[in-house]
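This report is written for a reader meeting this structure for the first time. It goes from a single side-chain contact to the domains, and then to some local features of the backbone and of a sheet.

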Amino acid sequence: MARAHWGCCPWLVLLCACAWGHPKPADLGGQDVRNCSTNPPYLPVTVVNTTVSLTALRQQMQTQNLSAYIIPDTDAHMNEYIGQHDERRAWITGFTGSAGTAVVTMKKAAVWTDSRYWTQAERQMDCNWELHKEVGTTPIVTWLLTEIPAGGCVGFDPFLLSIDTWESYNLALQGSNRQLVSITTNLVDLVWGSERPPVPNQPIYALQEAFTGLFNLRASDIPYNPFFYSYTLLTDSSIRLFANKSRFSSEILSYLNSSCTGPMCVQIEDYSQVRDSIQAYALGDVRIWIGTSYTMYGIYEVIPKEKLVTDTYSPVMMTKAVKNSKEQALLKASHVRDAVAVIRYLVWLEKNVPKGTVDEFSGAELVDKFRGEEQFSSGPSFETISASGLNAALAHYSPTKELNRKLSSDEMYLLDSGGQYWDGTTDITRTIHWGTPSAFQKEAYTRVLIGNIDLSRLIFPAATSGRMVEAFARRALWDAGLNYGHGTGHGIGNFLCVHEWPVGFQSNNIAMAKGMFTSIEPGYYKDGEFGIRLEDVALVVEAKTKYPGSYLTFEVVSFVPYDRNLIDVSLLSPEHLQYLNRYYQTIREKVGPELQRRQLLEEFKWLQQHTEPLAARAPDTASWASMLVVSTLAILIWSV
């Protein structure tokens with residue numbers, strides 16, 4: 001549960017939903033493997049027959065007098081990961097990719113998704129479905145205008161469209177004699193019926209006082225994030241928490257002071273009543289403060305517009321983005337233990353990869369296991385990206401038990417992983433080569449490392465937007481004509497989301513401020529060969545400058561050394577070397593004692609070896625000879 005903004009004016013009320021997400025870049029697609037023109041059509045064995053469910057859905061649409069129905073890929077809180085009972089688009093289409101929107105008319109059905117999922121969609125969807133290889137509301141509306149008649153109604157579940165998304169659909173349909181219709185009963189749910197997985201009902205628990213915050217409640221309703229489905233209505237005189245009350249033990253109810261009605265007492269109301277309760281509250285002499293990016297239209301449409309106060313992001317999100325001193329200390333502590341788990345894994349890999357017994361999937365399982373053995377562990381913070389060789393060129397590839405690649409001393413290996421701990425959330429990426437990397441691999445790796453260092457050590461004015469400094473992470477790559485196609489970083493939570501909006505380096509992120517945590521993760525990907533990414537989490541701190549002023553910089557809190565085997569020291573400036581050696585000394589000071597305390601002596605020895613200071617490389621003999629010849633020529637020319 002997010003921390004709320006307690007300093008509200010008396011005429012304001014804060015409405016928040018637990019939800020954060022983070023967009024991902026596109027990878028490669030492919031040609032359609034289906035042949036729907038033959039009789040019978042040729043389809044992969046992996047497709048799902050959707051004829052019965054589509055017929056039933058169209059019957060429901062008829063009862064609502066709809067010409068079309070939109071089925072998004074999200075839940076009622078725009079969570080990055082969604083629970084099985086919210087996988088409506090996957091159930092109705094057969095397509096299980098994490099991104100994509102489905103639209104059903106009385107005669108046709110179509111899915112829009114990005115290039116990461118084209119091949120997957122073709123292998124999972126039957127011939128009832130068209131695949132459109134583009135994203136956004138504009139192509140969907142363009143298709144709708146050709147498929148439904150004038151006067152037609154386009155239905156949607158208002159709890160599955162954010163205000164911003166609804167506005168984009170509504171604006172595109174204006175003047176077309178077609179209208180959006182909000183239907184609070186989800187039509188896919190009606191068709192899904194008893195086959196729909198149940199809503200999670202595990203107990204909701206409170207963290208210990210040591211990890212305190214507002215509510216400080218957690219559960220496991222969705223994968224990788226310790227959330228429970230809820231809303232909060234915070235006023236100047238009350239706190240209302242909308243959730244499933246049966247999930248609260250008597251101890252938790254007592255902890256929340258739920259039996260009283262004072263301003264610090266939490267009133268528990270049923271999750272399903274949030275819309276009606278907000279509508280009733282809005283009848284009073286009140287103003288209601290919301291963020292348009294992550295509030296669903298189902299809430300927005302019941303609040304009179306004259307009573308709304310809107311910002312792009314909820315004040316809860318803005319407040320949560322800046323960690324207080326206690327939260328900062330907790331997050332730093334979690335990263336020390338996380339480093340121990342990753343170092344244990346890297347030591348194990350060095351011994352076992354040459355044996356040819358490790359694959360991407362077993363490796364991912366092992367690093368998750370090592371994290372699970374750390375104090376306060378609560379599982380991984382996202383699906384581990386364990387990618388060897390050409391698979392690492394796909395920026396968000398993850399192996400499965402059935403489909404994976406053996407790790408080899410002859411290939412680069414990329415590990416992007418993280419953990420959830422009661423005191424923090426972690427995310428770190430390291431790229432390794434156990435054999436002899438090519439000159440180009442070393443150059444690319446070193447340029448990625450330089451980009452990481454250049455951004456991490458940057459000093460910039462307070463309130464600078466992340467997008468204004470993001471190019472520093474790319475400059476060394478640009479100098480050589482190289483680049484990467486994903487974002488450079490994202491915010492991170494305290495035992496919350498690994499991708500915590502709105503902190504980061506994209507155009508729609510907020511300005512950097514002291515106390516924020518962000519990842520810094522430049523990369524480079526050579527299609528069909530290898531991939532490189534180096535990701536650290538950093539805290540925004542005040543910078544020490546020669547002259548007085550309000551300036552910021554980053555303090556890296558990830559504590560795993562980079563792969564020395566891939567660093568071309570000749571490309572590093574003295575400033576880069578100084579930064580790197582200072583960082584390695586910090587790793588020794590932070591992680592070394594923890595390894596010794598736990599008698600992880602092999603890992604301690606490995607750490608000492610991999611954090612030895614790096615020195616500038618002297619030019620080789622041939623280079624010195626060339627320099628001597630040039631110098632001699634210069635002297636001769638000068639003396640003529």
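In this predicted model, the side chains of E301 and R275 are joined by a polar contact of 2.7 Å. The two residues are 26 residues apart in sequence, and their C-alpha atoms are 9.4 Å apart in space. E301 itself is placed in the loop between α9 (297–300) and β14 (308–311), and with a relative accessible area of 23% E301 is partly exposed. When the neighbours within four places in sequence are left aside, the residues in contact with E301 are P158, S182 and R275.

The wider setting is given by the domain assignment, which divides the protein chain into domain 1 (50–195), domain 2 (205–319) and domain 3 (325–611). For domain 2 and domain 3, the C-alpha centres lie 35 Å apart, and 16 residues of domain 2 are in contact with 19 residues of domain 3. About 1500 Å² of area is buried between domain 2 and domain 3, and carbon and sulfur atoms give 65% of that area. On the side of domain 2, the residues that lose the most area to domain 3 are F211, Y224 and Y313, which together account for 41% of what that side buries.

Which kinds of polar link, then, are counted between domain 2 and domain 3? There are 7 residue pairs in polar contact between domain 2 and domain 3, with both residues of each pair at pLDDT 80 or more, whereas the rule finds 0 salt bridges across the interface of these two domains.

The backbone also has some local features that deserve a careful look. Two residues, N177 and F376, have a positive phi although neither N177 nor F376 is a glycine, and the table sets out their values.

| Residue | Phi | Loop | Relative accessibility |
|---|---|---|---|
| N177 | about 60° | between α5 (163–173) and β7 (179–182) | 53%, exposed |
| F376 | about 70° | between α12 (360–372) and β15 | 24%, partly exposed |

N177 counts as exposed because its relative accessibility of 53% is over the 50% cut-off. F376, at 24% relative accessibility, counts as partly exposed because this value lies between the cut-offs of 20% and 50%.

A further backbone feature is the cis peptide bond that joins W501 and P502, for which omega is about 10°. P502 lies in strand β23, which covers residues 500–504.

The loop that holds F376 lies between α12 and β15, and β15 in turn belongs to an open sheet of 3 strands, arranged in the order β15-β18-β19 with antiparallel pairing. The strands β15 (377–380) and β19 (424–425) stand at the edges of this sheet, and each has a single partner strand, so one side of each is left without a neighbour in the sheet. Within the sheet, strand β18 (residues 419–421) pairs with β19 in the antiparallel sense over 2 bridges.

Which residue of β19 does Q420 stand opposite? The residue that Q420 stands opposite in β19 is T425.

Definitions and conventions. Residues numbered from 1 in each chain as written. Heavy atoms only, no water. Pairing = 2+ DSSP bridges. Helix = DSSP H or I, 4+ residues; strand = E, 2+ residues; numbered from the N terminus. Buried < 20%, exposed > 50% of the residue type's maximum accessible area, 1.4 Å probe, protein only. Domains from an automatic or database assignment. Contact = heavy atoms within 4.5 Å. Buried area = accessible area lost by both parts, 1.4 Å probe. Salt bridge = Lys/Arg side-chain N within 4 Å of Asp/Glu carboxyl O. Polar contact = N/O pair within 3.5 Å; in protein donor to acceptor, adjacent residues only side chain to side chain.
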